[in-house]
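Trainee: Could we go through this structure together, one question at a time? I would like to practise reasoning from the coordinates.

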Amino acid sequence: MTTFAPPDGPARARIDQSRVADLYRQLLTELGEDPARDGLTDTPERVARWWAEFLEYNPGRTDTVFTHETAMAGGDELVVVSGITVDSLCEHHLQPMTLTVSAGYRPGGQVIGLSKIARIAVARGHRLQLQERIVNGIATDLLKATGSPDVAVAATGSHACMSARGIRATGALTTSSSLHGVFAQPGPPADWFRATALGGPR
Ligand SMILES: Nc1nc2c(ncn2[C@@H]2O[C@H](COP(=O)(O)OP(=O)(O)OP(=O)(O)O)[C@@H](O)[C@H]2O)c(=O)[nH]1
Ligand SMILES: [Zn+2]
């Protein structure tokens, strides 16, 4: 029985690799290739392995937090991890998209392990996606993992479906964000996030 993964949930679909490999063998034949020829004999199994790697990705532990004394009285504290590469596949064309993600939050009495922010981001790419859904999903996961209501995520993405086909707008970049709490209101946190995540006010 096939269980369908919800588009906004964590990636953990289990796939039947030998069935997927058989389907690729059929596809290669339909596309006019000889799946038995040298070079293609193991391709269906390789591709099936890749789908398993992609869809069954396990991000490991993403919720390690440390107690932390917050900023001095009258001050404020923000944490942003930038330059996280997230690879995914667009769900309309099954073409790769690569995002550079910045994700941050305003700590309360605890901080989350920095690598966990990257793990959360990378995990959201491991399914058929939309850039906007990846960005919102990272924010949802960070709100939960940090326990902070103040979370900001921004991503700049290049989409092969816009460069390798269709409009062929090579070099087009898409920027999207998901801002919560203090980051959603005008003020220093939002300005600082914009400057840190996007390289300056736009
Ligand atoms: N919002 C959003 N759209 C995306 C994303 N990835 C791909 N798309 C778009 O999905 C749309 C699908 O449009 P359709 O008109 O159904 O398909 P199409 O004829 O192949 O469209 P073209 O890409 O314009 O050739 C295109 O405009 C893509 O650019 C994404 O992450 N977010
Ligand atoms: Zn696409």
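Trainee: How many helices and strands does the secondary structure of the protein come to?

Mentor: Keep in mind that this is a predicted model. Reading from the N terminus, the elements run α-α-β-β-β-β-α-β-α-β-α-β-α. The secondary structure therefore comes to 6 helices and 7 strands.

Trainee: Which domains does the assignment give, and how many Å separate their centres?

Mentor: The domain assignment gives domain 1 (1-56) and domain 2 (65-198). In the contact between them, 7 residues of domain 1 meet 5 residues of domain 2. On the domain 1 side, the touching residues are 6 nonpolar, no polar and 1 charged. Taken over C-alpha atoms, the centres of domain 1 and domain 2 are separated by 30 Å.

Trainee: What is the strand order of the open sheet, and which strands stand at its edges?

Mentor: The open sheet has 5 strands with mixed pairing, in the order β5-β2-β3-β6-β7. A strand at an edge has a single partner, so one side of it is left without a neighbour in the sheet. The edge strands are β5 (128-129) and β7 (174-179).

Trainee: Strand β3 catches my eye. How many of its residues are buried?

Mentor: Start with its partners: β2 and β3 pair in the antiparallel sense over 9 bridges, and Val-86 has Leu-99 as its bridge partner in β3. Strand β3 (residues 96-105) is also joined to β6 (residues 151-159) by 9 bridges, again antiparallel, with Thr-98 opposite Ser-158 in β6. β3 is largely enclosed by the rest of the structure, because the buried residues number 7 of the 10.

Trainee: Which strands does helix α6 touch where it packs on the sheet?

Mentor: Let us take helix α3 (residues 114-124) beforehand: it packs on the sheet, touching β2 (79-90) and β3, and its direction makes about 20 degrees with that of β2. For helix α6 (residues 188-198), which also packs on the sheet, the angle with the direction of β2 is about 55 degrees. The strands that α6 touches are β2, β3, β6 and β7.

Trainee: Back to α3, then. What do its buried residues pack against?

Mentor: The buried residues of α3 are Lys-116, Ile-117, Arg-119, Ile-120, Ala-121, Ala-123 and Arg-124. A helix has 3.6 residues a turn, so residues three or four places apart point the same way. The buried residues of α3 pack against β2, β3, β4 (110-112) and α4.

Trainee: Is Ile-112 buried or exposed?

Mentor: Ile-112 is found in strand β4. Leaving aside residues up to four places away in sequence, Ile-112 touches Thr-64, Val-65, Ile-117, Ala-145 and Thr-146. The cut-off for a buried residue is 20 or more other C-beta atoms within 10 Å. Ile-112 has 23 such atoms, so the verdict is buried.

Trainee: Which residue in the hairpin of β2 and β3 takes a positive phi?

Mentor: That hairpin has 5 residues between the strands. The residue we want lies in the loop between β2 and β3, and is exposed, with 10 other C-beta atoms within 10 Å. Its phi is near 55 degrees, a positive value in a residue other than glycine. The residue is Leu-94.

Trainee: And where does Arg-168 lie?

Mentor: Arg-168 has a positive phi of about 50 degrees although it is not a glycine. Arg-168 is exposed, because the count of other C-beta atoms within 10 Å is 9. Its place is the loop between α5 and β7.

Trainee: To finish, which elements give two or more residues to the shell around ligand 1?

Mentor: Ligand 1 is surrounded by Cys-90, His-92, Leu-130, Gln-131, Glu-132, His-159, Cys-161, Met-162, Gly-166 and Ile-167. By class, this shell has 5 nonpolar, 4 polar and 1 charged residues. The elements that give two or more residues to the shell are α4 (131-146) and α5 (160-163).

How values were computed:
Residues numbered from 1 in each chain as written. Chains lettered and ligands numbered in written order. Predicted model: local features only at pLDDT ≥ 70, side-chain atom pairs only at ≥ 80, totals over all residues. Near = placed C-beta within 6 Å. Helix = DSSP H or I, 4+ residues; strand = E, 2+ residues; numbered from the N terminus. Nonpolar A, V, L, I, M, F, W, Y, C, P; charged D, E, K, R; others polar. Domains from an automatic or database assignment. Contact = placed C-beta atoms within 7 Å. Pairing = 2+ DSSP bridges. Axes fitted to C-alpha atoms, helices over the stretch in contact; angles between N-to-C directions. Buried ≥ 20, exposed ≤ 12 C-beta atoms within 10 Å, placed from the backbone.
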